[in-house]
2 protein chains.
Amino acid sequence: MLTIGNLAKKTGTKVQTIRYYEQIGLMPEPGRTEGGQRRYGEAELDRLSFIRHSRQLGFSLDAIRELLDLGDHPDRPCQEADTIARRQLKQVERRMARLEALQTELRRMVRECSGGRTADCRVLEVLRDHSECLTDHEEIGV
Amino acid sequence: MLTIGNLAKKTGTKVQTIRYYEQIGLMPEPGRTEGGQRRYGEAELDRLSFIRHSRQLGFSLDAIRELLDLGDHPDRPCQEADTIARRQLKQVERRMARLEALQTELRRMVRECSGGRTADCRVLEVLRDHSECLTDHEEIGV
DNA sequence: GGTTGAACCTCCAGTGGCTAGAGGATGTAT
DNA sequence: ATACATCCTCTAGCCACTGGAGGTTCAACC
């Protein structure tokens with residue numbers, strides 16, 4: 001039987017985060033000691049590991065919820081899991097493309113900075129005038 | 001003189017976002033009509049354009065605040081602006097590296113999915129067992 | 001059995017960067 | 001004068017946590 005602190009250590013999660021997962025129904029309500037402290041078993045350890053690893057791969061908590069559901073139905077076709085993973089891959093690819101454009105632009109800005117007065121600063125100039133940019137980066141926060 | 005709606009249109013910002021920027025002190029309090037509606041001039045249009053463009057390049061609102069400050073002191077050396085831009089570039093590079101690792105792993109997961117029952121699903125299997133991963137992806141949300 | 005002290009508990013608030021909606025006032029064109 | 005698009009303030013919500021206050025429990029040691 002694991003205390004919440006030990007479960008946290010084993011999975012690289014913060015204690016508060018585990019309680020948060022319980023609160024939003026991603027983790028089950030565990031057993032308690034007489035004094036009211038949570039105690040966890042193997043099943044919960046596995047489930048939390050799954051959640052954490054999925055988070056590391058960038059899946060949203062909603063997506064993880066779906067994936068956990070699928071894991072509970074071993075006889076259903078795995079197409080759905082595949083779809084969720086593909087969706088996630090698409091998102092990662094879109095973000096990569098965007099970051100690449102930003103990288104290009106930022107590198108150019110920094111390279112062209114001559115180190116003079118702020119008045120002549122290329123960095124500020126480029127930020128002031130979008131038309132100086134060579135790449136597309138219309139979206140925010142993708 | 002621009003209404004808030006027109007300023008929004010010209011800069012590709014939502015009206016609420018402009019009011020939010022005012023609230024947190026990123027945009028100045030503009031003049032008002034007798035009835036209390038906001039009216040904006042060229043200076044505000046320029047400032048908001050600067051903010052939006054910086055956001056598109058991924059700068060945080062705090063960083064943007066610093067950059068705006070620098071723009072108000074044309075005689076100071078532009079080293080600080082350079083530093084902020086370099087910091088931003090570093091962050092973008094870190095994110096890119098991380099996303100690349102995720103991409104690799106997700107592609108492998110999806111490629112190996114045979115389309116059978118959920119019980120044999122590679123996607124779920126990999127998520128269950130981190131040791132199946134070839135890449136490092138410890139951090140969350142970078 | 002008593003005493004530490006680390007770890008646990010609940011509850012509330014805050015992060016960033018917006019976004020949405022309620023309920024009402026204003027501005028402009030006809 | 002009227003219609004109605006746009007404006008106003010205020011509050012609350014999003015995601016995925018994180019931190020802290022103030023109090024309780026557990027396990028080890030004497």
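Author: Domain bounds come from an automatic or database domain assignment. By such an assignment, chain A is divided into domain 1 (4-59) and domain 2 (79-132). This is a predicted model, where local features need pLDDT of at least 70, side-chain atom pairs count only at pLDDT 80 or more, and totals for chains, interfaces and linings use all residues. Residues are numbered from 1 along each chain, chains are lettered from A and ligands numbered from 1 as written, and side-chain values use heavy atoms, without hydrogens and water.

Reader: How far apart are the centres of domain 1 and domain 2 of chain A?

Author: Taken over C-alpha atoms, the two centres are 36 Å apart.

Reader: What makes a residue count as near DNA strand D, and which residues are closest?

Author: One of its heavy atoms must lie within 4 Å of the strand. DNA strand D has 21 residues around it, and the closest are Y21(A), T33(A), G5(B), R19(B) and R38(B). Of the strand's atoms within 4 Å of the protein, 84% belong to sugar or phosphate and the rest to bases.

Reader: Why is the pair formed by G5(B) and DNA strand D called a polar contact?

Author: A polar contact is a pair of N or O atoms within 3.5 Å; within protein, one must be able to donate a hydrogen and the other to accept it, and residues adjacent in sequence count only if both atoms are side-chain atoms. A polar backbone atom of G5(B) is 2.6 Å from a phosphate oxygen of the strand, so the pair meets the cut-off. Q16(A) reaches a base instead: a polar atom of its side chain lies 3.2 Å from a base nitrogen of DNA strand D.

Reader: Which residues come nearest to DNA strand C?

Author: Among its 20 surrounding residues, these are G5(A), R19(A), R38(A), Y21(B) and T33(B). A side-chain N or O atom of T33(B) is 2.6 Å from a phosphate oxygen of this strand.

Reader: What makes a set of residues a nonpolar core?

Author: Its members are buried Ala, Val, Leu, Ile, Met, Phe, Trp, Tyr and Cys residues, joined through side-chain atoms within 4.5 Å. Buried means under 20% relative accessible area, exposed over 50%, and partly exposed in between (1.4 Å probe, protein chains only). The largest core here has 80 residues, and F59(A), L67(A), F59(B), L67(B) and M109(B) touch the most other members.

Reader: Which residues of chain A does F59(B) touch?

Author: Contact means heavy atoms within 4.5 Å. Leaving aside residues up to four places away in sequence, F59(B) touches L106(A) and L127(A), and its partners in chain B include I64(B) and L67(B).
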